[in-house]
Structures are given as C-alpha cells and as structure tokens.
Amino acid sequence: MKSPFLRDLIANEVATGVFLVQSKEVRQKRTGESYLSLILSDRTGDMEARMWDNVAEVVELFDKDDFVKIRGMMQVYNNRSQLIIHKLRPVPEQKVDFADFLPASERDPEEMWSELRAMVAALDNAHLRNLLNAFLDDPEIAGRYKIAPAAKAIHHAFRSGLLEHVLSLGNLACLVTPHYPGVDLNLMITGVILHDIGKIYELSYDRSLGYTTEGQLVGHIAIGIRMLTEKLRDVPDFPVPLRNVVEHLILSHHGQLDFGSPKVPVFPEAILLHYLDDMDSKMEATRAMLAKDPQAAGLFTPWNNALARTLLRKVRYLDPNEGISLEKTFPTVDEVRGNKPAGNSSAEADFGAKLREALS
C-alpha cells in the first residue's frame, strides 16, 4: 500500500509520495516564467499542486492520467490545502496499484448489486420488473453499473458511486412513498434505477473521472432514453402508456429546463423522484465538502459552486475540541425505521420483504 495518501499529509511538513495527475496546465508567473498547475489525486481525494521552479526540466515527462512521484510540502492557502512541489518524476503504471489511486465507495460493489437485484425482484408489476431485469441481466451494463461514478465532481464522484446513489434513493423511496397515498413504488423504483443509467456511458472512469466523447456530445439523459428503447425490444407486450411514463421519469428527473431537463416532471412519481435525487446528491456533496481539507482553519469551508454556498463546520463550531468525523454509514430501511438492529445477516431478504410490504 502506498504512503502517504493525500489525506495524511501534514501542513508545512516535507513529504514524498506517488500520485495520479488529474489535470495539468502550464501557466505564467507575473515575471513571464512558466509554472505548473496540477490537480493530484489518490483514493482519499484530490489536491491542487504548484511547481514554481525547474518546470522546463519536467514538463514534457508526464501528462494527464500519468503517475508521478513528488517531493514537496503541503500548505493551507486561502483556506484550501495546496501542495508545493520541489521535485517531480514520472512513475510507470506497472509499479503502482491502481486501487490506491481510484476513489471508490466504501461499500462492496457486489453486496450493493445484490441489494439492487433484491429491490427489483420484490416489485409486483411484472412489466416493470421484466424491463429492469432486461437491463441488469445484460453483462456489459452490469459490469459498468457496478463501477460507474454518479458524477464527475459534484456528488458520489467515485467508483461505484452511481450504485451507492441509486441504493440510497431506493431506501428513500421505500421510506417516503407510503407517506403519500397513490404514489406507485413500482414506478419510483424503476425511476430510481433508470434515471441516471446513461452515466455508465457518459462518464469515463478508468483513471481520473471525466466525460467520454459520447457523453459530451449526447449526455446521460439522451443515452438513457436510447438504452430504454433498445431494452424494450426484449420485453414483449410492454404497454405503450407505461413506456411513456418510464421515459418521462428519465427525461424529467433534473426537474427544471434550466437544469438540463428536456421536460419538467408532471406526475407525482416524477416530481418525487426529482426531489429525492436532488436531496441525495446535495447531502452527499455536503458530506464530501466537509470531509475535505480537515486541516483547514476556520469555521466555514471555501465556496462550493455546486451548492452555491460555503458550509459551516458545525462540529468545530459547537465543540472546538471535538474532531470532525464524517465516516459514511449505510443503514438499511429497517434500521432507519428503527425496526431491526444493525448487522442482520439476511439483509437482502429483509430488504425484499420490506419492499413487498410497502407495495402491498
């Protein structure tokens, strides 16, 4: 295992480590001399970096998505951590363990996939269940769905982030839907699983997170509609009105035309899906922002463009002597409701039983 990770760097102490180059720019100082502006990353996060001197000696030796070994010092500048590089050299990819450099969900993807399959198996609408199984039985879709991030940077921006986000939404749907009479949980779960499915092709996630050419040209909503059209050919006698409703769930989940939604949501399940999706993404973005730069001073984080605000470091404000702990926990629906203790060995079966109960 590599050491140190970015999260372990101590301010104003010299350190040596290997990192992945997420971005690389050559800029100019006021004097006209060049300097390097980089974003370096590993599985614990990313950090801005600057190399002020000897740039000409190294600038052609590496590029974006390469691994580099650096010697430098982490400093806190304008309430952000920044790595000042003294020395740099490229590292062949054969000498690194990719798992050390790719941020990933703390949950096991196969465990999450089993929960997703149980969620689908519990649906009592055969048309929707068969449609979802047509997606999840596809080996290519399954392979990508298990590792795709939910976004490039805003929320769940790590491997298996899409799956983590979808399961979070599934739990929320099971909790909230019974509160509103007439809202169909079958449709909610279908929208949850399919609303972002186009991201498995929109995003690239072999090393640093980015957009594929297809993603830049078409976008995940249009890709998702294309995938739906293709899979419906494998589901005979799928009702046309139900197809239109499922298409609308995908097309409208961003909620507003200004946010890239081709349609605004016009029935309860579509409206609820949009708000749950928006809430879950914002809460994860909030968690990630507060967890970043734990050594930064002050009670407020830097400005967050996605959230359009700075965030209060609440724990530090309420108790200056208390450390910030933002480790993720993943409660089941039953644990959220207070019905069952954690650690149930038959979590998958319990999840399916609870979903069937909600559907009945």
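**Exercise 1. Classify Arg-287, then describe the salt bridge it makes with Glu-284.**

Solution.
- Step 1. In this predicted model, Arg-287 has a relative accessibility of 22%. Buried means under 20% and exposed means over 50%. Arg-287 is therefore partly exposed.
- Step 2. Glu-284 has a relative accessible area of 8%. That is under the 20% cut-off, so Glu-284 is buried.
- Step 3. The two side chains meet in a salt bridge, 3.0 Å from N to O.
- Step 4. Both residues belong to helix 11 (residues 268-291), 3 residues apart. About one helical turn therefore separates Glu-284 from Arg-287.

**Exercise 2. Find the network that joins Lys-29, Glu-33 and Asp-53, and examine the Glu-33 to Lys-29 bridge.**

Solution.
- Step 1. Salt bridges with shared partners connect Lys-29, Glu-33 and Asp-53 in one network.
- Step 2. In the bridge between Glu-33 and Lys-29, the closest N and O atoms are 4.0 Å apart.
- Step 3. Glu-33 is partly exposed at 48% relative accessible area. Lys-29 is partly exposed too, at 22%.
- Step 4. For the wider count, the whole structure holds 16 salt bridges.

**Exercise 3. Which parts of the chain does the Lys-231 to Asp-138 pair link?**

Solution.
- Step 1. The side chains of Lys-231 and Asp-138 form a salt bridge of 2.7 Å, N to O.
- Step 2. Lys-231 sits in helix 9 (residues 220-232). Asp-138 sits in the loop between helix 3 (126-136) and helix 4 (139-147). These distant parts of the chain are linked across 93 residues.
- Step 3. Lys-231 and Asp-138 are both buried.

**Exercise 4. Trace the contacts of Leu-131 and place Leu-131 in its core.**

Solution.
- Step 1. Leave out neighbours within four places in sequence; Leu-131 then contacts Leu-194, Leu-228, Lys-231, Leu-232, Val-235, Phe-238 and Val-246.
- Step 2. The largest nonpolar core has 56 residues. Leu-131 and Leu-194 are among those with the most contacts inside it.
- Step 3. Helix 5 (residues 161-176) gives the most to this core: 8 residues.
- Step 4. Another core, of 20 residues, lies apart from it and includes Phe-19, Leu-38, Ala-49 and Met-51.

**Exercise 5. Is the Phe-67 and Phe-101 pair stacked or edge-to-face?**

Solution.
- Step 1. There are 4 aromatic pairs in the count. In one of them, Phe-67 and Phe-101 lie 4.8 Å apart, centre to centre.
- Step 2. The planes meet at 65°. Over 60 degrees counts as edge-to-face, so this pair is edge-to-face.
- Step 3. Phe-67 is in strand 4 (residues 67-77). Phe-101 is in the loop between strand 5 (80-91) and helix 2 (109-121), 34 residues apart from Phe-67.
- Step 4. Both rings belong to buried residues. Ring pairs also bring Phe-98 into a cluster with Phe-67 and Phe-101.

How values were computed: Residues are numbered from 1 along each chain as its sequence is written. This is a predicted model: local features need pLDDT of at least 70, side-chain atom pairs count only at pLDDT 80 or more; totals for chains, interfaces and linings use all residues. Side-chain values use heavy atoms; hydrogens and water are left out. Rings of Phe, Tyr and Trp (its six-membered ring) pair if their centres lie within 6.5 Å; planes under 30 degrees apart count as stacked, over 60 as edge-to-face and the rest as tilted. Helices (H or I, at least four residues) and strands (E, at least two) are DSSP runs, numbered from the N terminus. Buried means under 20% relative accessible area, exposed over 50%, partly exposed in between (1.4 Å probe, protein chains only). A nonpolar core is a set of buried Ala, Val, Leu, Ile, Met, Phe, Trp, Tyr and Cys residues joined through side-chain atoms within 4.5 Å. Contact means heavy atoms within 4.5 Å.
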